[in-house]
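I opened the notebook to look up a few residues and some overall figures. The entries follow in the order in which I took them.

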Amino acid sequence: MAKTPVFTSDEATAALRQTVHGKAANFYAMYSSVLGGIVTDPALMVLPLDDHMVHRGHAVFDTATLTHGMLYQLDPHVDRLIKSASGARIPLPFSQERLRQIILETAAASRRREGSVRYWLSAGPGGYALGPAECVGSSFYVIVFKQEAYPESYYRQGIKLVTSEVPIKPPLFARIKSTNYLPNVLVVLEAKDRDADNGVFIDPRGMVAESSNMNVAFVTKDRVLRHPPFEAILSGITIQRVLDFAQRLVQQGALNAVHVADIPAQDGHDAAEMMLIGSSIKVAPVVEWDGRKIGDGKPGPVTQKLLEMWNEDATSAQDQLVAVPYDEGV
């Protein structure tokens with residue numbers, strides 16, 4: 001039996017480069033407050049094992065979309081990151097303005113004009129105990145990577161959902177965008193096991209909550225857009241923007257009203273349209289839930305219109321876009 005090697009620093013770095021997998025080509029740049037700078041070599045995009053994000057999940061995160069060299073809705077996402085950090089009792093390692101600057105500079109270092117920018121605030125490294133008293137200071141990480149691409153069939157043909165049997169998160173944890181995503185992962189795995197694309201959490205009262213990492217909305221037969229209240233689910237940045245779009249559709253006569261209130265699961269099943277909404281999936285039509293058609297079983301017109309409005313907003317809404325400070329020539 002071969003003896004386990006003990007590496008020198010140079011040997012460890014070389015070994016890291018040998019273990020980089022093919023998908024790492026989609027990882028473009030990473031900032032680490034532990035290193036104090038940005039790296040573009042995927043082999044060096046690593047975290048300390050003693051960071052409480054790794055072994056205790058004591059961290060929060062958020063993500064902004066990089067489109068045409070601009071970060072879409074960066075400031076609302078950073079605001080939510082700060083709010084999540086407060087809820088998780090993670091002190092900021094830098095001012096909010098400095099965090100924002102690091103995000104933009106990491107995006108610039110990637111030299112990419114399209115992608116996703118995700119960032120984490122963690123209790124930080126310092127040991128392997130449960131509490132963060134041992135941590136030497138909170139940490140901040142940013143990574144720029146290729147944006148997740150959902151199948152085009154999701155938008156042309158629609159998505160199939162199932163009601164999840166995974167217990168829903170308590171409201172305190174649901175409202176904090178933390179790295180504790182095991183229930184979310186299990187929802188997706190459960191859905192795939194049942195030949196569906198995703199799942200829906202239903203709360204103990206029988207009310208619609210949210211999907212794995214997306215908000216859920218409906219259009220009733222009398223053209224009212226309905227969405228659950230945000231007291232017990234994550235207040236998505238994208239859904240807040242989409243609710244603004246929906247109000248515009250009310251003004252245009254395409255919708256009669258927008259209601260944010262409890263939605264019994266049966267009401268959802270009986271809706272004319274159902275959709276999933278989030279920064280990665282945008283606005284995607286749901287055509288089947290628990291084996292039952294939603295509406296006529298085809299993507300609905302309001303869902304399609306909201307997706308068009310999102311796509312236009314993400315590329316042209318000047319009040320929602322922040323320019324990335326690339327070097328000249330990028």
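Which residues does Thr-220 touch, not counting residues up to four places away in sequence? I found two names, Arg-226 and Ala-272. I note that the model is a predicted one.

Entry: Thr-220. I placed Thr-220 in the loop between strand 10 (215-219) and strand 11 (224-227). I then looked up its accessibility, which is 17% in relative terms. The cut-off for buried is under 20%, so Thr-220 counts as buried.

Entry: the chain as a whole. I counted 10 helices and 16 strands in the chain. I looked up the radius of gyration next: it is 21 Å, and the globule rule gives 20 Å for 330 residues. The two values are close, so I put the chain down as being as compact as a globular protein of that length. The C-alpha trace spans about 70 × 50 × 40 Å along the principal axes. Buried residues make up 49% of the 330 in the chain. For contacts with a separation of 6 or more, I noted that 70% are between residues 24 or more positions apart. The exposed area of the chain is about 16,200 Å², and carbon and sulfur atoms supply 53% of that area.

Entry: Asn-198. I found Asn-198 in strand 8, which covers residues 198-202. Is Asn-198 buried or exposed? Its relative accessible area is 5%, so I entered Asn-198 as buried. I then asked what the side chain of Asn-198 is joined to by a polar contact. The partner is the side chain of Ser-211, at 3.3 Å. Ser-211 also appears in the list of residues in contact with Asn-198, which leaves aside neighbours within four places in sequence. Among the others on that list I noted Lys-160, Leu-161, Val-162, Val-187 and Val-188. The list also includes Ala-191, Ser-212, Met-214 and Leu-276.

Entry: aromatic rings. How many aromatic pairs does the structure hold? I recorded 5. One of them is formed by Tyr-72 and Trp-310, with 5.5 Å centre to centre and 85° between the planes. I entered this pair as edge-to-face. Tyr-72 belongs to strand 4 (residues 70-72) and Trp-310 to helix 10 (residues 301-316), so the pair ties together parts that are 238 residues apart in sequence. I checked the accessibility of each partner. Tyr-72 is buried, at 2% relative accessible area, and Trp-310 counts as buried at 4%.

I also looked for a charge over a ring. Arg-112 lies over the face of Tyr-28, and I noted 4.0 Å from the ring centre.

Entry: Gln-318. I placed Gln-318 in the loop between helix 10 and strand 16 (321-323). Gln-318 is exposed, with a relative accessible area of 59%. I returned to Tyr-72 here: its C-alpha atom is separated from that of Gln-318 by 9.3 Å, although these positions lie 246 residues apart along the chain as a sequence separation. Tyr-72 is buried, whereas Gln-318 is exposed.

Entry: Ala-24. I found Ala-24 in the loop between helix 1 (9-18) and strand 1 (27-32). Ala-24 is buried, at 4% relative accessible area. I looked up Met-45 against Ala-24: the two are 21 residues apart in sequence, and 9.8 Å apart in space, C-alpha to C-alpha.

Conventions: Residues numbered from 1 in each chain as written. Predicted model: local features only at pLDDT ≥ 70, side-chain atom pairs only at ≥ 80, totals over all residues. Heavy atoms only, no water. Phe/Tyr/Trp six-rings, centres within 6.5 Å; stacked < 30°, edge-to-face > 60°. Helix = DSSP H or I, 4+ residues; strand = E, 2+ residues; numbered from the N terminus. Buried < 20%, exposed > 50% of the residue type's maximum accessible area, 1.4 Å probe, protein only. Lys NZ or Arg CZ within 6 Å of the ring centre and 35° of its normal. Rg over C-alpha atoms; globule rule 2.2 N^0.38 Å. Contact = heavy atoms within 4.5 Å. Areas by Shrake-Rupley, 256 points an atom, 1.4 Å probe, with all protein chains shown as cover. Polar contact = N/O pair within 3.5 Å; in protein donor to acceptor, adjacent residues only side chain to side chain.
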